[in-house]
Amino acid sequence: MITYEPFWQTLKDKNISQYQLIHHYGFSTGTLDAIRKGKTLNLGTVESICKMLQVKSISEIVEYVPEQE
C-alpha cells in the first residue's frame, strides 16, 4: 500500500499550509484531494510535487507499506 504520510510530514517540516500549497505554489486542488483520499498518483505528478517542494528523495512524498496478510 502507498501512503502519503511523508507528504504531510514534509509540509509540516517546511511550514507550508494547504492554503499556501494551493495559492502560492499553484498546487492542484484535485491532486490534494487525491492525496487526502489516498488515491493513486502517477509518477509524473509525484515528480512535480518533488520539484515544487524541493525535496531530495521521493521518500519525502510517498512510502510503500506492505499490507498484512
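**Note on a predicted structure**

1. Apart from residues within four places in sequence, Thr31 makes contacts with Leu41, Thr45 and Ile49. Thr31 belongs to helix 3, which covers residues 29-36. With a relative accessibility of 18%, Thr31 is classed as buried, because the limit for that class is under 20% relative accessible area. Of the three partners, Thr45 and Ile49 have numbers that fall within helix 4 (43-53).

2. The coordinates discussed here are those of a predicted model. The mean pLDDT of the protein is 94, and 100% of the residues reach 70 or more. Among the elements, helix 1 has the highest mean pLDDT, at 97, while strand 1 (residues 2-3) has the lowest, at 93.

3. The secondary structure consists of four helices and two strands. Followed along the sequence, these elements appear in the pattern β-α-α-α-α-β. The protein is as compact as a globular protein of its length, because its radius of gyration of 12 Å is close to the 11 Å given by the globule rule for 69 residues. The C-alpha trace spans about 40 × 25 × 20 Å along its principal axes.

4. How much of the protein is buried? Buried residues account for 30% of the 69 residues. The protein exposes about 5,000 Å², and 48% of this area is supplied by carbon and sulfur atoms. Of the contacts with a separation of 6 or more, 61% are between residues 24 or more positions apart.

5. As regards charge, the protein carries 7 positive and 8 negative side chains. The centres of these two sets lie 9 Å apart.

6. Helix 1 (residues 5-13) contains Thr10. Is Thr10 buried or exposed? Its relative accessible area is 6%, so Thr10 is buried. When residues up to four places away in sequence are not counted, Thr10 touches Leu53, Val55 and Glu60. Leu53 closes the range given for helix 4 (43-53).

7. Ser59 offers a further point of reference for Thr10. The two residues are 49 positions apart in sequence, and their C-alpha atoms are 9.9 Å apart in space. Ser59 is placed in the loop between helix 4 and strand 2. Its relative accessibility is 45%, so Ser59 counts as partly exposed.

8. Helix 2 (residues 18-23) holds both Tyr19 and Leu21, and the two residues fall into separate accessibility classes. Tyr19 counts as exposed, because its relative accessibility is 55% and the class begins over 50%. Leu21, by contrast, has a relative accessible area of 0% and is buried.

9. Which residues does Leu21 contact once its neighbours within four places in sequence are left aside? They are Phe7, Leu11, Ile16, Gly26, Phe27, Leu32 and Leu53. Leu53 is also one of the residues touched by Thr10, so that the two lists of contacts share this residue.

10. Two C-alpha distances help to place the residues of helix 2. Tyr19 and Asp33 are 14 residues apart in sequence and 13 Å apart in space. Leu21 and Leu43 are separated by 22 residues in sequence and by 19 Å in space.

11. The backbone of Asn15 deserves a separate remark. Asn15 is not a glycine, yet its phi has a positive value, near 60°. The residue is located in the loop between helix 1 and helix 2. Asn15 is exposed, with a relative accessible area of 66%.

12. Gln54 may be read alongside Asn15. Its phi is positive, at about 50°, although Gln54 is not a glycine. Gln54 lies in the loop between helix 4 (43-53) and strand 2 (63-64), the loop in which Ser59 is also placed. At 65% relative accessibility, Gln54 counts as exposed, whereas Ser59 counts as partly exposed.

How values were computed: Residues numbered from 1 in each chain as written. Predicted model: local features only at pLDDT ≥ 70, side-chain atom pairs only at ≥ 80, totals over all residues. Heavy atoms only, no water. Buried < 20%, exposed > 50% of the residue type's maximum accessible area, 1.4 Å probe, protein only. Contact = heavy atoms within 4.5 Å. Rg over C-alpha atoms; globule rule 2.2 N^0.38 Å. Areas by Shrake-Rupley, 256 points an atom, 1.4 Å probe, with all protein chains shown as cover. Lys, Arg positive; Asp, Glu negative; His and termini not counted. Charge placed at Lys NZ, Arg CZ, Asp CG, Glu CD. pLDDT = per-residue confidence, 0-100.
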